[in-house]
Amino acid sequence: MSQHIAISVFFNFRSPYCYLASKSMFELPDRYDCHFEWRPLGGWDGRSAPERAKGKLPIARQDVSRWCRRLGIPFSPPPVTTDPTRAGAGSLLAQEHGCLREYVLAVMHAEWGEGQDIGDADVLCTAGRQAGLDPEPLRQAMDDPTRLEKLTQHWAEAQAAGVFGVPSFLVGDQIFWGNDRLDFLAEHLAQLGATRP
């Protein structure tokens with residue numbers, strides 16, 4: 001018997017591994033009786049601290065480049081000054097309007113496929129329009145203090161659950177960390193009886 005499963009998704013738009021995950025993670029609700037509890041993060045939350053990230057960057061870029069070649073997707077990193085916070089706040093609006101998948105794919109493509117700065121309101125509004133959002137409500141949402149506070153709350157929730165990086169997918173007490181753990185997550189959903197007929 002099928003069992004509907006909630007998956008908490010902790011996601012930071014500045015993570016290239018979230019870019020990789022975005023290309024397949026939305027297939028899970030198509031294949032399994034589950035839904036995402038969307039938990040976007042802002043700033044450095046869920047990412048390596050700035051001093052560690054600086055040394056890690058060359059290796060991470062090599063790694064992500066290999067993944068992108070395997071997946072057949074473009075890889076053009078954005079400016080190092082790119083801040084993901086506005087994109088995270090905007091994603092809450094996209095979720096409310098039922099176009100989260102389209103928004104995530106459009107924003108991540110602009111950032112990691114085309115190398116654009118998604119901290120720029122115009123860049124974000126262009127991606128949002130492609131996802132079906134009107135630019136003006138998105139402009140308001142990306143700087144809305146209530147939405148920005150939610151991003152902070154999500155990180156506190158993530159840490160309380162034991163999450164230390166993104167993307168992370170939580171099902172009960174099980175944490176699946178990284179774009180390359182989605183197969184394990186799918187297997188877990190199947191074991192829980194969530195496979196769609």
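**Entry 1: helix H8**

I began with the buried residues of helix H8, and I found Arg147, Leu151, His154, Trp155 and Ala158. I then looked at how they are placed around the axis: they cover an arc of only 105°, which puts them on the same side of H8. I note here that I am working with a predicted model.

Next I asked which exposed residues the face of H8 turned away from its buried side carries. I recorded Pro145, Thr146 and Ala160 there.

I also looked up what covers the buried residues of H8. The cover includes strands S1 and S2, together with helix H4 (85-96) and helix H7 (135-142).

I checked the length of H8 as well. At 1.5 Å a residue, its 17 residues should span 24 Å, and I found the end C-alpha atoms 25 Å apart, which agrees. After H8 I came to glycine 162, whose phi is positive, near 100°.

**Entry 2: the sheet**

I turned to the sheet and asked in what order its four strands stand. I read the order as S2-S1-S3-S4, in an open sheet with mixed pairing. Strand S2 (34-40) and strand S4 (174-177) stand at the edges; each has a single partner strand, so one side of each is left without a neighbour in the sheet. I noted that neighbouring strands are turned by 25° against each other on average, direction ignored.

I then placed H8 (residues 145-161) against this sheet. The helix packs on the sheet and touches strand S1 (5-11), S2, S3 and S4. The direction of H8 makes about 115° with that of S2.

**Entry 3: strand pairs**

I went through the pairs one by one.

- S1 and S2 run parallel and are joined by seven bridges. In this pair I located phenylalanine 11, whose bridge partner in S2 is proline 40.
- S1 and S3 pair in the antiparallel sense over three bridges. Here I found valine 9 with phenylalanine 169 of S3 as its bridge partner.
- S3 (residues 168-171) and S4 run antiparallel, with four bridges between them. I saw phenylalanine 169 again, standing opposite phenylalanine 176 in S4.

I also asked how many of the seven residues of S1 are buried. I counted six, and the strand is thus mostly covered.

**Entry 4: arginine 39**

I selected arginine 39, which lies in strand S2. Is arginine 39 buried or exposed? Its relative accessibility is 18%, and buried means under 20%, so arginine 39 counts as buried.

I listed what arginine 39 touches, leaving out residues up to four places away in sequence: Val9, Phe10, Phe11, His154 and Glu157. Of these, His154 is also one of the buried residues of H8. With glutamate 157, the side chain of arginine 39 makes a polar contact of 3.1 Å.

**Entry 5: leucine 105**

Finally, I looked up leucine 105, which is found in helix H5 (residues 100-113). I noted a relative accessible area of 31% for leucine 105, which makes it partly exposed. I then compared its position with that of threonine 146, which is 41 residues apart from it along the chain. I found their C-alpha atoms separated by 24 Å. Threonine 146 had already appeared in my first entry, among the exposed residues on the face of H8 turned away from its buried side.

Technical notes
Residues are numbered from 1 along each chain as its sequence is written. This is a predicted model: local features need pLDDT of at least 70, side-chain atom pairs count only at pLDDT 80 or more; totals for chains, interfaces and linings use all residues. Side-chain values use heavy atoms; hydrogens and water are left out. Two strands pair if DSSP finds at least two bridges between them. Helices (H or I, at least four residues) and strands (E, at least two) are DSSP runs, numbered from the N terminus. Axes are lines fitted to C-alpha atoms, for helices over the stretch in contact, and angles run from 0 to 180 degrees between N-to-C directions. Contact means heavy atoms within 4.5 Å. Buried means under 20% relative accessible area, exposed over 50%, partly exposed in between (1.4 Å probe, protein chains only). The expected span of a helix is 1.5 Å times one less than its number of residues. The arc is that of the directions from the helix axis to the C-beta atoms. A polar contact is a pair of N or O atoms within 3.5 Å; within protein, one must be able to donate a hydrogen and the other to accept it, and residues adjacent in sequence count only if both atoms are side-chain atoms.
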